[in-house]
Amino acid sequence: MEIHRHKTRLNISKIFRYLILSLVSIIMLYPILWMIGASFKTNSEIFTQIGIIPKKIDFSPYFAGWKTRTEYTFTTYFINTFKIVIPKLIFSLISSTITAYGFARFEFPFKKLLFSLMMATLFLPQIVLRIPLYLLWRDLGALNTYIPLIANTIFAQEPFFVFMLIQFMRSIPRTLDEAATIDGCNSFGILTKVILPSLKPALISCTIFQFVWSFNDYLGPLIYITSVEKYPVSMALKMNIDTSSGVVEWNQIMAMSIISLLPAIILYFSAQKYFVEGVTSTGIKG
């Protein structure tokens, strides 16, 4: 009897947890579901109805929004966005991995001081760096190019990624390094053949974070990019809000916002397993 009561309490507890999680999920997903429904509505429907389901399904906002109010379509802006995002991803992963490898596996003078200074940059407001960096890139003649948006990732200017990778590397037994050294591996061989395979969850987590941050970046392109043909998606969405005519086609903006969300959503669900593992775990299982 006591065992039966215990099982009943466990089942009730599970049902209660699932109900709470379902409620929270609905609350979190409601804005996205509303945005999807709003992309098919007219302006009057958007501002007079709180419901999600539109009166009719009309894909014309997607076609009209894709053409934009400029001489370029969203195809151009998506290509421009990936011209920024892909190099940042590659350089961030390479530079952060090498830097983390140095801190995690080697001893050198002022190591603790340099690590402390690197971590201190996490607390440095980015707005403080805007004017000095702008003046630097202006003097180098790099304005209206993607260089100011990409160059910092070459030098591991992402301390969050470096710290995450260091924590993973520290949890990998050094006996694996010693075994690889006996087999004839040098430092680079240890990194590529021993360390990197174990870093897969952390690297995928860094990839997702960097992709989302870079894809959503608005202030950076606003400061450094002046030509419309070089604008990324984040700025193209803002240009669709044409207040000069007095009428803003919000259904088109919602439609393009949904399309701009798709790459990040697809990437996340494709790597969800590794992302969760990379965020929650701090070592390897063995």
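## Exercises on a predicted model

Threonine 153 sits in helix H7. Keep in mind as you work that this is a predicted model.

**Exercise 1. Decide whether threonine 153 is buried or exposed, and list what it touches.**

Step 1: Find its relative accessibility, which is 1% for threonine 153.
Step 2: Compare that with the cut-off: buried means under 20%. Threonine 153 therefore counts as buried.
Step 3: Skip residues up to four places away in sequence and look at what remains. Threonine 153 then touches Pro87, Lys88, Phe91, Ser92, Ser95 and Gln210.

**Exercise 2. Work out where arginine 105 is and what its side chain reaches.**

Step 1: Place it on the chain: arginine 105 belongs to helix H4.
Step 2: Check the accessibility. Arginine 105 comes out at 10%, so it counts as buried.
Step 3: Follow the side chain, which reaches the backbone oxygen of methionine 169 at 2.9 Å.
Step 4: Collect the other partners. With neighbours within four places in sequence set aside, the contacts of arginine 105 include Arg170, Ile172, Pro173, Arg174, Asp177 and Ile195, and Met169 is on that list too.

**Exercise 3. Asparagine 144 and alanine 156 both have a positive phi; find the values and say where each residue lies.**

Step 1: Recall the background: most residues other than glycine have a negative phi.
Step 2: Read off the angles. Phi is near 65° for asparagine 144, and about 55° for alanine 156.
Step 3: Locate the two residues. Asparagine 144 is in the loop between H6 and H7, while alanine 156 is in the loop between H7 and H8.
Step 4: Test for burial. Asparagine 144 is buried, because its relative accessible area is 18%. Alanine 156 counts as buried as well, at 12%.

**Exercise 4. Describe the largest pocket: its volume, its lining and the chemistry of that lining.**

Step 1: Start with the volume, about 940 Å³ for the largest pocket.
Step 2: Go to the lining. It has 27 residues, and the closest to the pocket centre are Gln126, Leu129, Asn152, Gln157 and Glu158.
Step 3: Trace the helices. H4, H6, H7, H8, H11 and H12 each supply at least two residues of the lining of the largest pocket.
Step 4: Sort by residue type, which gives 15 nonpolar, 8 polar and 4 charged.

**Exercise 5. Now do the cavities: how many are there of 30 Å³ or more, and what lines the largest?**

Step 1: Count them; the model has 1 cavity of 30 Å³ or more.
Step 2: Get the space inside, about 60 Å³ for the largest cavity.
Step 3: Name the lining residues, among them Thr81, Ile84, Val85, Lys88, Leu149, Ser214 and Phe215.
Step 4: See which helices take part. H4 and H11 each supply at least two lining residues, and H4 gives the most, with 4.
Step 5: Classify the cavity lining: 6 nonpolar, 3 polar and 2 charged.

**Exercise 6. Find out where the predictor's confidence is highest and where it is lowest among the helices.**

Step 1: Take the overall figures. The protein averages a pLDDT of 85, and 92% of the residues score at least 70.
Step 2: Look at the extremes. Helix H4 (residues 74–105) is highest at 93, and helix H15 (residues 272–280) is lowest, with a mean of 64.
Step 3: Check residues 282–286, where pLDDT stays under 50. For residues 282–286 the model has 9 contacts beyond four places in sequence.

Key
Residues are numbered from 1 along each chain as its sequence is written. This is a predicted model: local features need pLDDT of at least 70, side-chain atom pairs count only at pLDDT 80 or more; totals for chains, interfaces and linings use all residues. Side-chain values use heavy atoms; hydrogens and water are left out. pLDDT is the predictor's confidence in each residue, from 0 to 100. Contact means heavy atoms within 4.5 Å. Buried means under 20% relative accessible area, exposed over 50%, partly exposed in between (1.4 Å probe, protein chains only). A polar contact is a pair of N or O atoms within 3.5 Å; within protein, one must be able to donate a hydrogen and the other to accept it, and residues adjacent in sequence count only if both atoms are side-chain atoms. On a 1 Å grid over the protein atoms alone, a cavity is a set of points where a 1.4 Å probe fits but cannot get out, and a pocket is an open set with protein on both sides within 12 Å along at least five of seven lines; lining residues have an atom within 4 Å of a point. Grid points are joined across faces, edges and corners, and a volume is the space filled by probe spheres set on the points. Ala, Val, Leu, Ile, Met, Phe, Trp, Tyr, Cys and Pro count as nonpolar, Asp, Glu, Lys and Arg as charged, and the others, Gly among them, as polar.
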